[in-house]
Amino acid sequence: MMIQIVNIEDAVGYPLAHDITEIRAGEFKGPAFQKGHMLTCRDLDHLRRLGKDHLYIISPETGEMHEDDAAEVIANALCGEGVSWDEAPREGKISIKATCDGLLKVDVDVLNSFNGFGDVMCATRHSNTIVKKGDQVAATRAIPLLIAKNIVDSAVAVANSSRESVLQVKPMFKARAGVLITGSEVYYGRIEDKFESVIRKKVTALKGEVMDVAFLPDDDTMIAEAALRMVEKGVNVLITTGGMSVDPDDRTRFALKQAGATNILYGSPVLPGAMFMVSALKGVPVLGIPACGLFAKTTMFDLIYPRILAGDKITRADIAATGHGGLCLKCRQCTFPDCAFGK
């Protein structure tokens with residue numbers, strides 16, 4: 001690598017080797033001059049105001065890459081389906097954006113290995129964040145102005161080791177939801193149901209619709225038959241409310257097992273939502289919301305439901321991982337998802 005430091009006056013007539021950043025407090029941060037700009041005498045006063053008295057003249061040697069070229073290579077390696085970049089690097093950085101609405105998925109283990117090189121970096125939003133088309137989901141860059149090509153190649157190899165990709169946005173299907181509201185106290189009119197409106201709001205917020213609602217007593221056979229009827233009608237997600245606690249009258253999960261539900265995962269390390277359940281009935285995902293869903297705006301359901309719509313097959317390991325960040329602070333004004341819950 002040939003690097004020569006020269007006075008700015010002596011750099012007139014040469015192309016800039018990198019972007020020159022300008023910061024105006026509260027107004028602007030970005031390149032005052034971009035890489036490749038041919039320096040003229042008219043630029044000198046501006047450079048001095050930016051604190052620049054010297055500039056680099058660089059001639060990369062074999063085996064080295066400029067930061068912009070490296071950024072393009074690593075950005076391509078990081079991007080999977082549903083994410084991309086379309087703007088040239090600015091100040092050595094590339095912004096990666098969603099190309100569709102959906103759920104951002106980040107291979108965190110591979111991302112950590114990628115960032116372990118030190119000379120390359122990628123900063124992302126949290127995995128399982130709901131994003132819109134055009135939202136920024138990540139940014140990447142090579143940190144040195146000139147970086148060894150073998151480091152770039154190694155970082156690319158790590159990124160490519162991801163089973164799918166380090167970054168992707170998975171589209172979410174539109175729910176055709178069936179809702180089972182269980183509890184003899186509601187079924188027999190002893191108390192007024194409050195759950196239906198809660199569930200409708202959550203379903204429609206993610207562009208779904210509630211196809212059917214059934215009110216049922218704490219009876220295994222009646223619950224099982226209603227669940228099977230809804231599946232036969234064509235619901236693509238089944239949501240049950242109530243009947244999730246340890247009380248002997250709470251029969252919902254036992255009724256679902258009687259109906260043929262498989263892979264029943266009951267219990268989660270999240271508050272509110274410790275008695276949450278996820279399962280499947282004839283291939284249709286089933287989500288069980290405990291009674292906390294009546295008074296808590298956000299529960300374990302809100303962490304798992306978008307993942308179901310994105311096609312995730314939830315495992316016990318997935319449930320276990322929600323414990324870190326799974327304590328809701330019950331803020332007076334809920335700002336979820338713009339808070340630490342579920343992160």
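Let's start with one ring: Phe-341 counts as buried, at 4% relative accessibility. The model you are looking at is predicted, and this briefing walks through a few of its features. We will visit aromatic rings, one helix, one sheet and some unusual backbone spots.

**Aromatic rings**

- Phe-341 has a partner in Phe-336, and the two form an edge-to-face aromatic pair, with 5.9 Å from centre to centre and 65° between the planes.
- Is Phe-336 buried, partly exposed or exposed? At 24% relative accessibility, Phe-336 counts as partly exposed, because buried means under 20%.
- In total, the structure holds 3 aromatic pairs.
- Another of these pairs is made by Phe-301 and Tyr-305, whose ring centres are 4.9 Å apart; their planes meet at 15°, so this pair is stacked.
- Both Phe-301 and Tyr-305 belong to helix H9 (residues 300-309), where they sit 4 residues apart, about one turn of the helix.
- Here is the general idea behind that spacing: an α-helix has 3.6 residues a turn, so residues three or four places apart point the same way.
- Phe-301 is buried, with a relative accessible area of 1%, and Tyr-305 is buried too, with a value of 2%.
- A ring can also have a charged neighbour: Arg-253 lies over the face of Tyr-266, at 3.8 Å from the ring centre.

**Helix H4**

- Helix H4 covers residues 149-160, which makes 12 residues. From its first C-alpha to its last it reaches 16 Å, close to the 16 Å expected at 1.5 Å a residue.
- Which residues of H4 are buried? They are Val-152, Ala-155, Val-156, Val-158 and Ala-159.
- Looking down the axis of H4, you would see its buried residues fall within an arc of 160°, so they line one face of the helix.
- The face turned away from that buried side carries the exposed residues Asn-150 and Asn-160.
- Several elements help to cover the buried residues of H4, including helix H2 (67-78), helix H3 (108-115) and strand S9 (120-124).
- Asp-153 also has its place in H4, and it is partly exposed, with a relative accessible area of 39%.
- The C-alpha atoms of Asp-153 and Gly-267 are separated by 44 Å, and these residues are 114 residues apart along the chain.

**A three-stranded sheet**

- An open sheet of 3 strands follows the order S10-S8-S13, with antiparallel pairing.
- Strand S10 (130-131) and strand S13 (167-170) stand at the edges with a single partner strand each, so one side of each is left without a neighbour in the sheet.
- How many bridges join strand S8 (residues 102-106) to S13? There are 4 bridges between these antiparallel strands.
- Leu-104 has Val-169 in S13 as its bridge partner.

**Unusual backbone spots**

- As background, most residues other than glycine have a negative phi, and most peptide bonds are trans.
- A cis peptide bond joins Leu-271 and Pro-272, with omega about 0°. Pro-272 is found in the loop between strand S17 (262-266) and strand S18 (277-281).
- A cis peptide bond also joins Phe-336 and Pro-337, where omega is about 10°. Pro-337 lies in the segment after helix H10 (316-321).
- Asn-263 is not a glycine, yet its phi is positive, near 50°. Asn-263 lies in strand S17 and is exposed, with a relative accessible area of 65%.
- Lys-282 has a positive phi of about 55° although it is not a glycine. Lys-282 is in the loop between S18 and strand S19 (284-289), and at 62% relative accessibility it counts as exposed.

Key: Residues numbered from 1 in each chain as written. Predicted model: local features only at pLDDT ≥ 70, side-chain atom pairs only at ≥ 80, totals over all residues. Heavy atoms only, no water. Helix = DSSP H or I, 4+ residues; strand = E, 2+ residues; numbered from the N terminus. Expected span 1.5 Å × (residues − 1). Buried < 20%, exposed > 50% of the residue type's maximum accessible area, 1.4 Å probe, protein only. Arc of directions from axis to C-beta. Contact = heavy atoms within 4.5 Å. Phe/Tyr/Trp six-rings, centres within 6.5 Å; stacked < 30°, edge-to-face > 60°. Lys NZ or Arg CZ within 6 Å of the ring centre and 35° of its normal. Pairing = 2+ DSSP bridges.
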